[in-house]
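Here are some short exercises to work through with the structure on your screen. Try each task yourself before you read the solution.

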Amino acid sequence: MTYPRYKLLINRTTFYKVPFVEVPLSNTDKYVTYEVGKSRLDLISYKYYNDPNYGWLILQSNPSVGALEYNIKDKTILRVPYPLENAIQGYESNIRKYDKLYGLK
């Protein structure tokens, strides 16, 4: 089942904006060369996670490319946080830290 990435950002009455938080580096991370017209984040996600729904996590892990896939330049090296479970745990931990420091708004 795909991870519900907004679960920490929703309560019964309020939706919070998604803050930028770092996905921690790991020595097990994978690196791929993005090829415009050939690569797609859903395909990269499927290759490494067996699930096409983690393009957002790959973007979150590569803040220098921006927030939209079509802005990724040809031959850009992308970090794919790996394994998925560790990346999700790091993401959640940093969301919680962000909330403690700044609050979710």
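**Exercise 1: Asn50 and its backbone**

Asn50 counts as exposed, at 58% relative accessibility. Keep in mind that you're looking at a predicted model.

Task: Work out where Asn50 sits in the chain and what is unusual about its phi.

Solution:
- Step 1. Find the place: Asn50 is in the loop between H1 and H2.
- Step 2. Read the angle: phi of Asn50 is near 60°, a positive value, and this residue isn't a glycine.
- Step 3. Recall the general trend: most residues other than glycine have a negative phi.
- Step 4. Look for another case: Lys75 isn't a glycine either, and its phi is positive too, at about 70°. You'll find Lys75 in the loop between H2 and S2.

**Exercise 2: The order of the elements**

Task: State how many helices and strands the chain has, and give their pattern along the sequence.

Solution:
- Step 1. Count: there are three helices and two strands.
- Step 2. Walk along the sequence, and you get β-α-α-β-α.
- Step 3. Look at the contacts with a separation of 6 or more: 68% of them join residues 24 or more positions apart.

**Exercise 3: Two neighbours in S2**

Task: Decide whether Thr76 and Ile77 are buried or exposed, and list what each one touches.

Solution:
- Step 1. Place them: Thr76 is in strand S2, and Ile77 lies in that strand as well, which covers residues 76–80.
- Step 2. Check Thr76: its relative accessible area is 19%, and buried means under 20%, so Thr76 is buried.
- Step 3. Check Ile77: its relative accessible area is 51%, and exposed means over 50%, so Ile77 is exposed.
- Step 4. List contacts, skipping residues up to four places away in sequence. Thr76 touches Val32, Thr33, Tyr34 and Val65. Ile77 is in contact with Tyr31, Val32, Thr33 and Asn62.
- Step 5. Take one pair: Ile77 and Thr33 are 44 residues apart in sequence, yet their C-alpha atoms are 4.5 Å apart in space.

**Exercise 4: Inside the core**

Task: Find which residues touch the most other members of the largest nonpolar core, and which elements give two or more residues to this core.

Solution:
- Step 1. Start with the members: the core has 25 residues, and Ile44, Tyr49, Tyr54, Leu57 and Leu78 touch the most others.
- Step 2. Name the elements that give two or more residues: S1 (30–34), H1 (41–49), H2 (55–60), S2 and H3 (84–102).
- Step 3. Pick the top contributor: H3 gives the largest share, five residues.
- Step 4. Zoom in on Tyr49: leaving aside neighbours within four places in sequence, its contacts include Tyr54, Leu57, Ile58 and Val80. Pro81, Tyr82 and Leu84 are also among them.

**Exercise 5: An odd peptide bond**

Task: Say which residues the cis peptide bond joins.

Solution:
- Step 1. Look for an omega of about 0°: the cis bond joins Tyr82 and Pro83.
- Step 2. Locate Pro83: this residue is in the loop between S2 and H3.
- Step 3. Compare with the general rule: most peptide bonds are trans.

**Exercise 6: The whole chain**

Task: Check why the radius of gyration of the chain agrees with a compact globule.

Solution:
- Step 1. Get the expected value: for 105 residues, a compact globule would have a radius near 13 Å.
- Step 2. Compare: the chain has 14 Å, so the two agree.
- Step 3. Add the box: along the principal axes, the C-alpha atoms fill roughly 40 × 25 × 25 Å.
- Step 4. Add burial: 38% of the 105 residues count as buried.

Conventions:
Residues are numbered from 1 along each chain as its sequence is written. This is a predicted model: local features need pLDDT of at least 70, side-chain atom pairs count only at pLDDT 80 or more; totals for chains, interfaces and linings use all residues. Side-chain values use heavy atoms; hydrogens and water are left out. Helices (H or I, at least four residues) and strands (E, at least two) are DSSP runs, numbered from the N terminus. The radius of gyration is taken over C-alpha atoms; the globule rule is 2.2 Å times the number of residues to the power 0.38. Buried means under 20% relative accessible area, exposed over 50%, partly exposed in between (1.4 Å probe, protein chains only). Contact means heavy atoms within 4.5 Å. A nonpolar core is a set of buried Ala, Val, Leu, Ile, Met, Phe, Trp, Tyr and Cys residues joined through side-chain atoms within 4.5 Å.
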